[in-house]
Amino acid sequence: MAPQPGRRAVVRVPVATLWTAPEAVRPIDCPALAGSPDVAAWIAGMDRDQLVGDCVLTQLLLGEPVRVTETRPDGWVRVVALGQPAAKLGADGYPGWLRAAHLADPADAGPPSTHPADAGPALSGTAPAGPAATGTSGPGPSGSGPSGSGLSGPVPAGTGSAGSGSGPAGTGSAADRPLTVDVAHTALRAGPDGDAALTGVVLGTRLTPAGPAVDGRRPVRVPGRPDPLWATEDDLVPLPAERPEAEKVLAVAERLRDLVYVWGGMSTDGIDCSGLVHLAWRRYGITLPRDADDQAAATSRVPLDAERPGDLYFFARPGRRIHHVGIVSAEPRGGRRRMLHACYLTRRVVEEELPADRTATLVGAHRV
């Protein structure tokens, strides 16, 4: 069934790119627009400047829910990405344009979704974001374009409430809980010993189990496919029943070191600064806002020199809005600080000591 305005749909491809407008796409973007998008080839084909083209807003992973708000006869649909809070841009998610071919009807995805966006809305809180932490940031390396100022709190997966991010990610035994991909890329197969039917499924993708493992493969439900596909069991983990320690989230982000920086990217093919933070927490079933300034507003400020590995550093120029976020990678020593971040300047995910120019724009440390 074609996507219809006012109805929900789910992403049926491993990674779908959300665009500012259909007219904004470039010839270089064709691999990302195909019915079966090749995101890795798309990124590999871009030069340094094309990697930061502001036509991309964010990316959605397999199974991620959207609400359709508009359709066009040329195969484009305007949607709200329900699993990526962006308070100023929309009350219930991140708005933008997708290819209709990248979506499926939720009824084609098997049992009810395990995505937290389908469990209940993100909670608006009142956590102080500190100086220059609110408002709308204009185009710049802040994660993926304009950001909102609302306080969308973390959402534990599989629950109907949100807040500080604490609480179980699912119920029942580990065998029954939703699964998440825990490797950079995996392939889903037509059977336990079958050929690959869907390749390029990335870290943090949430999957619904469809039965017990057979010969090291686990059947999972996939949107748009009537029969389960089979994932390598060792590539999956159950979403945790407890909130993770921040250092565990840092360890996930560290696995992405040297990954290419892509404006609006949020996959293990390419990522931006706030996408790195969002994806690392997503791996543990916690949904943070998509953009850096919203992430600041949804987290709790801690005094500088009290930060711990896994906390967040936020950056803004004087009188401007937050434009960058990094993950604290070591305890501060003698005023020297280190972080892991997707760096706009180097176009890579790097772990480094904050240089003087970066320290000059540091506006605070926050804790999820």
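In what order do the seven strands of the open sheet follow one another, and in which sense do they pair? In this predicted model, the order is β11-β10-β14-β13-β12-β9-β15, and the pairing is antiparallel. The edges of the sheet are occupied by β11 (196-202) and β15 (236-238), each of which has a single partner strand, so one side of each is left without a neighbour in the sheet. On average, and with direction ignored, neighbouring strands of this sheet are turned by 45° against each other.

Several pairings within the seven-stranded sheet can be described at the level of residues. Strand β10 (residues 185-189) pairs with β11 in the antiparallel sense over four bridges, and T186 stands opposite V201 in β11. The connection from β10 to β11 is a hairpin through six residues. Strand β10 is also joined by two bridges to strand β14 (residues 229-232), again with the two strands running antiparallel; here the bridge partner of R189 is W230 in β14. Further along the order, strand β9 (residues 179-181) and strand β12 (residues 206-209) run antiparallel and are joined by two bridges. In this pairing, L179 stands opposite L207 of β12.

A further open sheet contains six strands in the order β19-β24-β20-β21-β22-β23, with antiparallel pairing. Its edge strands are β19 (300-302) and β23, each of which pairs on one side only. The average turn between neighbouring strands of this sheet is 40°, direction ignored. Within the sheet, strand β20 (residues 312-316) and strand β21 (residues 322-328) form an antiparallel pair over five bridges, with A316 standing opposite I322 in β21.

Helix α4 is associated with this six-stranded arrangement: α4 lies across β20, β21, β22 and β23, and runs at about 45° to β21. The helix also has a helical partner. Two packed helices are described by the angle between their axes and the distance between the axes. For helix α3 (residues 246-254) and helix α4 (residues 273-282), the packing angle is about 120° and the axes are 9 Å apart. Because angles of 65 to 115 degrees count as roughly perpendicular and those over 145 as roughly antiparallel, the angle makes α3 oblique to α4. The crossing of α3 past α4 is right-handed. On the α3 side, the contact is made by A246, V249, V252 and A253, and on the α4 side by L276, A280 and W281. By class, the contact of α3 with α4 comprises seven nonpolar residues, with no polar and no charged residues.

Strands β1, β4 and β5 provide another set of antiparallel pairings. Strand β1 (residues 8-11) pairs with strand β4 (residues 65-71) over three bridges, and the bridge partner of A9 in β4 is V66. Strand β4 in turn pairs with strand β5 (residues 76-81) over five bridges, where V68 has V79 of β5 as its bridge partner. The hairpin of β4 and β5 has four residues between the strands, and G75 in this hairpin takes a positive phi near 90°.

Aromatic contacts were also examined. With ring centres required to lie within 6.5 Å, the count comes to two aromatic pairs. One of them is formed by Y261 and Y344, with 5.8 Å centre to centre and 90° between the planes, an edge-to-face arrangement. Residue Y261 lies in the loop between α3 and β16 (266-267), whereas Y344 lies in the loop between β22 (338-343) and β23 (348-353), so the pair ties together parts that are 83 residues apart in sequence.

Key. Residues numbered from 1 in each chain as written. Predicted model: local features only at pLDDT ≥ 70, side-chain atom pairs only at ≥ 80, totals over all residues. Heavy atoms only, no water. Axes fitted to C-alpha atoms, helices over the stretch in contact; angles between N-to-C directions. Parallel < 35°, antiparallel > 145°, perpendicular 65-115°, else oblique. Left-handed = near helix turned anticlockwise from the far one by under 90°. Contact = heavy atoms within 4.5 Å. Nonpolar A, V, L, I, M, F, W, Y, C, P; charged D, E, K, R; others polar. Pairing = 2+ DSSP bridges. Phe/Tyr/Trp six-rings, centres within 6.5 Å; stacked < 30°, edge-to-face > 60°.
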